[in-house]
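Ready for a little strand-tracing practice? Have a look at the chain below, then work through the exercises at your own pace.

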Amino acid sequence: MKLETQVTETKNPQQRGREIGDRWAPQIRHTCALYLDFFSQVDIDPRQVRAIAESSLDALQGWCPELAEELTATAEGAGLPVWQLAALNARTEILAALAEATLGECSTAVYAPDTTDEAPRTLQTWDWHDALVPHGLLLQLTAATGLTVKLFTEFGMLGKIGVNSAGLGLHFNILHHRSDNASGGVPVHAVARRVLEEARNVDEAIELARSARVSASTVLTVFSRHNQRPRAASIEMSPQATALVLPGTDGWITHTNHFLAPELVTGDRTVDDTTHNRLAHVDAQRDAMRVGDLAQRARAFCGAEGEQAPICFHPDLHLAPQERWETLLTVAIDSERGDLLYRTGTPMALAENGYLRF
C-alpha cells in the first residue's frame, strides 16, 4: 500500500469534498471500482449494493448532513455517481448483508491508566485485503468545531483511525453481530470521522456514537491525553445496542474482532478463528508494551514470534484476492502532539525500520 498525504484547511464540507475529489480522482475511482468488483466476488447482488449504499447515505444525511455533503461533493469532484462513493463508504454495511460474516481483522492495544498524567500508549495493526487498497490517504483537516483532525483512511472514505487537537484518539476494529442487517444505517466509518471532528473527551465520543443508528457492527476504541474518567473506552456498536468496555485495573484496553461487552457477547457472529488467539497474544504482551519507545513497543506487540506472531498477516498469493489478508499498516497515536506514528506493514517492520510521523 502506497500512502499519500493531504492537508486541507477549509471548514466548508462541500469545498473540502470537492478539493479531495478533484485532487485524488484516479485513486478514488480505482478504489470504488475495486470494491464494486469485490462485492460481486462475494456474491452480493449489485442491486442490493446500490440499495444499501443509498439507504446509508440517507441515514448519514439525517444524522450528519455536513458529512453527507462532503461525500456528495467528493463524488462530484472525482467524476463518480454519488451512489458508488456511498457504496465505498458503506462497505462495512454492505458486507454485513452477507448471510455469513466475513473474517475479521485488526488488533488494537491501548494503555491509558487514569491514575497518572502520562500520555496513553497505543498501537494497532490494520489488516485487510491487500488487493483492495493499493493506495491509502493520510488526511489533515480543520473541522467546523475548530479542531484539527489527522486521520488515516482509504481513498474516498470519510474516516477510520485518527486523532484530534483536543487530544482524543481513535482506533477502529470491525465486529460482527447477529443483529447486523441490510437496512443501510449510518456508515460506521462516518461515525469515526464525526467523533474525531467533534469529541473533546471520551464521554462526548460515547454520546456521539450512541446517537447513530447503525446496521453493521464495529468497535471504536477512544482515549484522551487528559487524565479524565473515563480516560479510555472501547465503544462496541451494533444494531441491537451500543455497549462499553472500559480499561482494566492495569489501564489496558485490548481488542480484536469479537465482542467483549457481556450484553453483546451472546450475539457475536464472527467466523474468524484468529480473533481469540490474537487477543490472547496481545494480552500476554501487556507488561512488555508499557514502554514509551514505539519501536520497542512494536517489537513487544509481536513478542517472541516476531513476524510469525498471530497479529501479523502475510498474503498468500496463491489465494483469490478476496481470500487474501495482509497487515497493511501499523499505527500508533500520539495524543499529546496530535500525530499519527506509522509504518506500512507489520509491527516488526516498524520495529526494524522505524516510523514516520504525520
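Here are three exercises on strands and turns in this predicted model.

**Exercise 1.** Work out which strands β5 pairs with, and in which sense.

*Solution.* Start with strand β4, residues 135–142. Seven bridges link β4 to β5, and the pairing is antiparallel. To check this pairing, find Q140, whose bridge partner in β5 is K150. Next, turn to strand β6, residues 161–164. β5 and β6 also pair in the antiparallel sense, here over four bridges. A good pair to look for is L151 with its bridge partner G162 in β6.

**Exercise 2.** Find the glycine with a positive phi in each hairpin that β5 forms, then decide whether β5 is largely enclosed or not.

*Solution.* Take the hairpin of β4 and β5, with five residues between the strands. In its turn, G146 has a positive phi of about 95 degrees. Then move to the hairpin of β5 and β6, where six residues lie between the strands. G156 in that turn has a positive phi of about 90 degrees. Finally, consider burial: β5 spans residues 148–154, and six of its seven residues are buried, so the strand is largely enclosed by the rest of the structure.

**Exercise 3.** Trace the partners of β13.

*Solution.* First, β12 (residues 326–334) runs antiparallel to β13 (residues 339–344), joined by six bridges. Among the contacts to locate is L329, bridged to T344 in β13. Four residues separate β12 and β13 in their hairpin, and G338 takes a positive phi near 70 degrees there. Second, two bridges join β13 to the antiparallel strand β14, residues 356–357. In this pairing, L341 stands opposite R357 of β14.

Terms used:
Residues numbered from 1 in each chain as written. Predicted model: local features only at pLDDT ≥ 70, side-chain atom pairs only at ≥ 80, totals over all residues. Heavy atoms only, no water. Pairing = 2+ DSSP bridges. Buried < 20%, exposed > 50% of the residue type's maximum accessible area, 1.4 Å probe, protein only.
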